[in-house]
Amino acid sequence: MPSVSVKVYSVFFKLLLKHKLQTLLQQSAAGGTEASFGVASRPDESAAPSNPSFGPDGVATKDIHVDPLSSLSLRLFLPDSSLAPCNGHVENGGAYGGYLPPVSLPDACRGSHAGSPRKLPVILQFHGGAFVGGSNTSTANDFFCRRIAKLLDAIVIAVGYRLAPESRYPAAFEDGFKVLNWLGKQANLAECSKSMESTKAGGLGDASRSQIVDSFGASSVEPWLAAHGDPSRCVLLGVSCGANIADFVARKAVEAGKLIDPVKVVAQVLMYPFFTGSIATHSEIKLANTYFYDKSLCVLAWKLFLPETEFSLDHPAANPLVPGRGPPLKCMPPTLTVVAEHDWMRDQAIAYSEELRKVNVDAPVLEYKDSVHEFATLDMLLKTPQAQACADDIAIWVKKYISIRGHEFSY
């Protein structure tokens, strides 16, 4: 059974969530939540400072906005393993764009390779919160993303998608795919910048170089991604309702094919996905009133997220097994599913994984005993041994697909 602290925290969490959902429903009914700009976080969601910073855990962070027409925002997590490949040393202003204090380099590190950055895989992370809450900059999400960045030796991009009911379906899903396209655009811009630098010596004029940049649209190169990101090793990681977004983005990536080159989604991780359906599963019946997100609260959340005319627990956003949901399952990327023993949504997630395995997709399920919904991403509060084990297990599986040595990498 979950610990006493988990049970106590769950009671307060459910009371606060119920109040929030009922308030949003009342505001929505009164027409007070309509906003074309939308929101990416609530005033009651704690957030860390937005200035670029270097944490004591060896992970640097910074926040950026990628869409001037909405509140879509990103928090980038860059581990210190991206520093120049000479025994962990780096030139001043290197990997972190000048946010590190001066360091002294040994002579052996001042050769031609000292400034060559390491290319790291990119993890797109979608936070939870039942589509109506949570934040990519919350303290709990920040803690989780730092852990993943260190364990996977990867750049983590936490997506601050628009929330309901200000922005209902498909806003959050569209934001997810927009970030994937933005990642591809960044890779092309970075490549274009390299080409301009090489042609500058050859006499290409400023006007001609500007024309090259304009062909990619008015945008600026994100230096952390340009120097260290490898979009050909992209992994989608979704938490709770974020897993629904990740799965949607994976399907859109399959449909887009080479249109999103050089981005390649090599795997996805669905952590206790927010899946449901009109036909109740065994876990839905047995655990309907369980910890944190019980079924009645989740139904309220779906009513806030889905347009009133489209509300159904068999909506493609809610039920991954409805027919005609997207490309054939055999085209989906390898999919790791994490479920908790005391989570009423677990059976639907397991059923989806089983369908993927039937068409030969690598789709294992990791179930954690005595655990609850959000157990791994609320570890800063819950402090459970399952959370660290889960993060380690995710890292072991994902490294099969992001290792530059390929699938022969052994663990």
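Helices on this tour are DSSP runs of H or I with at least four residues, strands are runs of E with at least two, and both are numbered from the N terminus. With that in mind, please remember throughout that the model in your viewer is predicted.

**The whole chain**

Begin with everything displayed and coloured by secondary structure, which comes to 11 helices and 9 strands. The protein has 411 residues, and 54% of them count as buried. If you consider the contacts between residues with a separation of 6 or more, 78% of these contacts join residues that are 24 or more positions apart.

**Glutamate 374 and serine 240**

Select glutamate 374, which you will find in the loop between strand 9 (365-372) and helix 10 (379-382). Is this residue buried or exposed? Glutamate 374 has a relative accessibility of 8%, so it counts as buried, given that the limit for this word is under 20%. Its backbone also deserves a look, as phi of glutamate 374 is near 70°, a positive value in a residue other than glycine.

Now move to serine 240, whose place is in the loop between strand 6 (229-239) and helix 6 (241-256). Serine 240, too, is not a glycine and yet has a positive phi, of about 55°. Its relative accessible area is 0%, and therefore serine 240 is buried. Which residues does serine 240 touch, once those up to four places away in sequence are not counted? Display Gly128, Met271, Tyr272, Pro273, Phe274, His373 and Glu374 together with it, and you will have the answer on screen, with the glutamate you have just visited among them.

**The nonpolar core**

Two of those neighbours of serine 240, Met271 and Phe274, lead on to the next stop. The largest nonpolar core has 108 residues, and the members that touch the most other members are Ile157, Leu180, Leu236, Met271 and Phe274. Helix 6 gives the most to this core, namely 9 residues. To see one of these places in detail, select leucine 180 and then add Leu124, Cys234, Leu236, Val249, Ala253, Ile260, Val263 and Val265, which it touches when residues up to four places away in sequence are not counted.

**Two cis peptide bonds**

Select tyrosine 169 and proline 170 and look at the peptide bond from the one to the other, which is cis, with omega near 10°. Proline 170 sits in the loop between strand 5 (155-160) and helix 3 (171-200). Then select aspartate 261 and proline 262, which are also joined by a cis peptide bond, with omega about 10°. Proline 262 belongs to the loop between helix 6 and strand 7 (265-271).

**Lysine 62**

Go next to strand 2 (residues 59-65), where lysine 62 is found. Lysine 62 has 10% relative accessibility and so counts as buried. What lies around lysine 62, leaving aside its neighbours within four places in sequence? Its contacts are Pro52, Leu74, Arg75, Leu76, Glu222, Pro223 and Trp224. You can also draw a line between the C-alpha atoms of lysine 62 and phenylalanine 77, which are 15 residues apart along the chain and separated by 7.2 Å.

**Two pairs of helices**

Two packed helices are described by the angle between their axes and the distance between the axes. Select helix 1 (residues 4-29) and helix 8 (residues 295-305), whose axes come within 10 Å and cross at roughly 30°. Helix 1 is therefore roughly parallel to helix 8, and the crossing in which it passes helix 8 is left-handed. On the side of helix 1, show Lys14, Leu17, Lys18, Leu21, Leu24, Leu25 and Ser28, and on the side of helix 8, show Leu297, Leu300, Ala301 and Leu304, which they meet. The residues of this contact between helix 1 and helix 8 are 8 nonpolar, 1 polar and 2 charged.

Finally, select helix 2 (residues 139-152) and helix 11 (residues 385-402), which pack with their axes 9 Å apart and at an angle of about 45°. At that angle helix 2 is oblique to helix 11, and their crossing is right-handed. Helix 2 makes the contact through Arg147, Leu151 and Leu152, while helix 11 does so through Ala387, Gln388, Ala391, Asp392, Ala395, Val398, Lys399 and Ile402. Colouring the contact of helix 2 with helix 11 by residue type will show 7 nonpolar, 1 polar and 3 charged residues.

Notes: Residues are numbered from 1 along each chain as its sequence is written. This is a predicted model: local features need pLDDT of at least 70, side-chain atom pairs count only at pLDDT 80 or more; totals for chains, interfaces and linings use all residues. Side-chain values use heavy atoms; hydrogens and water are left out. Axes are lines fitted to C-alpha atoms, for helices over the stretch in contact, and angles run from 0 to 180 degrees between N-to-C directions. Angles under 35 degrees count as roughly parallel, over 145 as roughly antiparallel, 65 to 115 as roughly perpendicular and the rest as oblique. A crossing is left-handed if the near helix is turned anticlockwise from the far one by less than a right angle, and right-handed if clockwise. Contact means heavy atoms within 4.5 Å. Ala, Val, Leu, Ile, Met, Phe, Trp, Tyr, Cys and Pro count as nonpolar, Asp, Glu, Lys and Arg as charged, and the others, Gly among them, as polar. Buried means under 20% relative accessible area, exposed over 50%, partly exposed in between (1.4 Å probe, protein chains only). A nonpolar core is a set of buried Ala, Val, Leu, Ile, Met, Phe, Trp, Tyr and Cys residues joined through side-chain atoms within 4.5 Å.
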